[in-house]
Amino acid sequence: MPSFPPRIHVLLASDADVGLVIRRGPSKCVATIGWNRTTDEFQLGQWLKGKIFERRCDLSADGKYLLYFAMNGKWHSESRGSWSAISRAPYLKAIAMFPKGDCWQGGGLWIAPRTYWLNGQGYTTLHDSPEVLRDANYFPAGRYGAECLGVYYPRLLRDGWTQTEEIRLRDGGDQIHRFEKKLPHGWMLRKLAHAQHHRAPGRGCYWDEHEVVNAATNAVLPCPRWEWAERDKERVVWAADGRLFAATVTQAGLGIQRELADFRDLTFTPIKAPY
């Protein structure tokens, strides 16, 4: 069997210089890692023996709370095998937990500093917290379905990306949505978000590829190994091959690449949240 590096997806807080790394690998083991984007220091949060649907997750604007959707398949437990939850980042211990019982819908978005929307119906409440408030009447704009894309694409649009194109690949429903975000010096970060039933080994049905494009000359810098990428002030940050990188944006394109963290050798370790 071929081996693949851990998959990396990152959530960036919009109003604070922090982020949260979601590291998956092996396939039924996932860790959350806090990221101080001022110092580029990282703090291991907690592990989960199960799956976190990273495209249905969101980090509050101040970086203090994580909203996530997880599944461990223990359908007869109090979690009902899958659940949406809110934790204090970078940890996973829930302060509010809503068992779901299936993997349809799930997850949600922060719509205000302490107010959130849960994706879908059919939840029960295992416990709740006065720290946060659910808005049952909100629904994000756009028609992207009720699964990962129904959370992920509205999150991209909220965070400053512009959707520029939708490409249908074949009759089976495979599609690519193209999103773009401006970078310094006339450059642009392009995200090609795939939703495909026909996919290469080592990829899920949802995966992204990226390009850095000069808006004036249309020069394209392909970045085929980037699985996640974002603008972080005057630099671009991205994940590739189980590692996190950064480079400033110059007139010529990307400056010197710097490795920020290598998450490949992490292994499951029980960690207790400090709350």
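In this predicted model, Arg190 is a buried residue, with a relative accessible area of 14%. Despite the burial of Arg190, its side chain has carboxylate partners on two other strands, and each deserves a look. The side chains of Arg190 and Glu180 form a salt bridge with an N to O distance of 2.9 Å. Since Arg190 belongs to strand E15 and Glu180 to strand E14, this pair ties together parts that are ten residues apart in sequence. Glu180 is buried, as is Arg190. A salt bridge also joins the side chains of Arg190 and Glu211, here at 3.1 Å, N to O. Glu211 lies in strand E16 (residues 206–214) and Arg190 in strand E15, so the contact ties together parts that are 21 residues apart in sequence.

The strands around this site can be followed through their pairing. E14 (residues 175–182) has six of its eight residues buried, and is therefore largely enclosed by the rest of the structure. Strand E13 (residues 162–168) runs antiparallel to E14, and six bridges join the two; within this pairing, Glu165 has Arg178 of E14 as its bridge partner. E14 also pairs with strand E15 (residues 187–195), again in the antiparallel sense, over eight bridges. Here Lys182 is matched with Met188 of E15. The hairpin of E14 and E15 has four residues between the strands, and His185 takes a positive phi near 60° in this hairpin.

Turning to another sheet, three strands are arranged in the order E10-E11-E12, giving an open sheet with mixed pairing. Its edges are strand E10 (108–112) and E12, each of which pairs on one side only. E10 and E11 run antiparallel and are joined by four bridges, with Thr115 of E11 as the bridge partner of Ala112. Helix H1 lies across E10 and E11, and runs at about 35° to E10.

Aromatic contacts come next. The whole structure holds 15 aromatic pairs. In one of them, the rings of Trp117 and Phe139 have centres 5.7 Å apart and planes at 80°, so the arrangement is edge-to-face. This pair links distant parts of the chain, 22 residues apart: Trp117 is in strand E11 (residues 115–118), whereas Phe139 is in the loop between strand E12 (133–134) and helix H1 (148–158). The two partners also contrast in their surroundings: Trp117 counts as buried at 3% relative accessibility, while Phe139 counts as exposed at 59%. Elsewhere, ring pairs link Tyr65, Phe98, Trp110 and Tyr116 into a cluster. Rings also meet charged groups. The charged end of Lys49 sits over the ring of Phe268, 4.7 Å from the ring centre, and Arg55 lies over the face of Tyr152, 5.1 Å from the centre of that ring.

Returning to charge pairs, the structure has 23 salt bridges. Among them is the contact between the side chains of Arg88 and Glu131, at 2.3 Å, N to O. These residues lie 43 residues apart, Arg88 in strand E8 (residues 82–88) and Glu131 in the loop between E11 and E12, so that distant parts of the chain are linked. Both Arg88, at 30% relative accessibility, and Glu131, with a relative accessible area of 27%, are partly exposed. A network of salt bridges, finally, links Arg37, Asp40, Asp232, Arg235 and Arg258.

Terms used. Residues numbered from 1 in each chain as written. Predicted model: local features only at pLDDT ≥ 70, side-chain atom pairs only at ≥ 80, totals over all residues. Heavy atoms only, no water. Phe/Tyr/Trp six-rings, centres within 6.5 Å; stacked < 30°, edge-to-face > 60°. Buried < 20%, exposed > 50% of the residue type's maximum accessible area, 1.4 Å probe, protein only. Lys NZ or Arg CZ within 6 Å of the ring centre and 35° of its normal. Pairing = 2+ DSSP bridges. Contact = heavy atoms within 4.5 Å. Axes fitted to C-alpha atoms, helices over the stretch in contact; angles between N-to-C directions. Salt bridge = Lys/Arg side-chain N within 4 Å of Asp/Glu carboxyl O.
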